Amino acid sequence: MKIRRQKQAKKTLSFYKYNFGFRPPLQVMLDGTFCQAALTNKIQIKEQLPKYLMGDVQLCTTSCVLKELESLGKELYGAKLIAQRFQVRNCSHLKNPVGGSVCLLSMLGESNPHHYFIATQDQALAGKVKKKAGVPLLFIIQNTMVLDKPSPKSVAFAQTAQEGQLMPVHHRTSVEHLKEEQGMTKYERRGKKRKQPSGPNPLSCLKKKKKQEAPQPSAAEKKRKRNRKRRSGNTGATILQLEKKSMNMS
């Protein structure tokens, strides 16, 4: 069961890594309900959560969550002590504190630009978190921390982004940063070579050779030819005369 849970967590982390640009150290924002559940189930968050998420983890909370735990009295004193060990992120409610769930939702904003995980046992808060794309959700079930599957909102956003119809700027920069870390951009640049404009075929540019015309005979050569013809005609006549004389004598 533990191996199966680890495989599912790895698959979910890969989804958020490649579709929303999550990278270590992973920032996990915890509320009072999660800290109280960890205390009740004797879960060591600092030791167990990095192993489960297979990487460096930054555990954090807000001043509103701490004040909420303080206001609830002795029953949540142990949860308050656990939450005080984590980093306290600045929120916009320093002068006018609000409830822990309201504060965590405000830290996410519209598109979770800081890539926070939300760790909570509050079902109302979890339902609101699932309506935002790109927000991983952690909770505790049967003495075990569980990373929830991507919400339908996140899956739909990822499918749309893959089709190239929607990709926020900060997500684009996160993906480019990941590619640079993996050295993928160099290979992409090497692979995409622009074709240089090719010139005309040199063989097609060769000029056709003109047919060499036979040289015209000069006047002297023409005269020589005429003389040759006359001589050949005279020799033929003399031969005929000799033949006639020989016939008469006989």
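A residue is termed buried at under 20% relative accessible area, exposed at over 50% and partly exposed in between, using a 1.4 Å probe and protein chains only. The model is predicted, so that local features need pLDDT of at least 70 and side-chain atom pairs count only at pLDDT 80 or more, while totals for chains, interfaces and linings use all residues. Side-chain values use heavy atoms, without hydrogens and water, and residues are numbered from 1 along each chain as its sequence is written.

Cysteine 64 is buried, at a relative accessible area of 2%, and cysteine 35 is buried as well, at 1%. The structure holds 0 disulfides (pairs of cysteine sulfur atoms within 2.5 Å). For cysteine 64, the nearest cysteine sulfur belongs to cysteine 103 and is 3.7 Å away.

The largest nonpolar core (buried Ala, Val, Leu, Ile, Met, Phe, Trp, Tyr and Cys residues joined through side-chain atoms within 4.5 Å) has 55 residues. Val28, Leu30, Ile45, Leu49 and Ile118 have the most contacts inside this core. Beyond its neighbours within four places in sequence, valine 28 is in contact (heavy atoms within 4.5 Å) with residues including Leu49, Leu53, Phe117 and Leu138.

Helix 1 (residues 2-20) and helix 3 (residues 45-53), both DSSP runs of H or I with at least four residues, numbered from the N terminus, pack at about 70° with axes 9 Å apart. Axes are lines fitted to C-alpha atoms over the stretch in contact, and angles run from 0 to 180 degrees between N-to-C directions. The two helices are therefore roughly perpendicular (65 to 115 degrees). Arg5, Gln6, Ala9 and Leu13 of helix 1 meet Lys51, Tyr52 and Leu53 of helix 3.

Terms used
Parallel < 35°, antiparallel > 145°, perpendicular 65-115°, else oblique.
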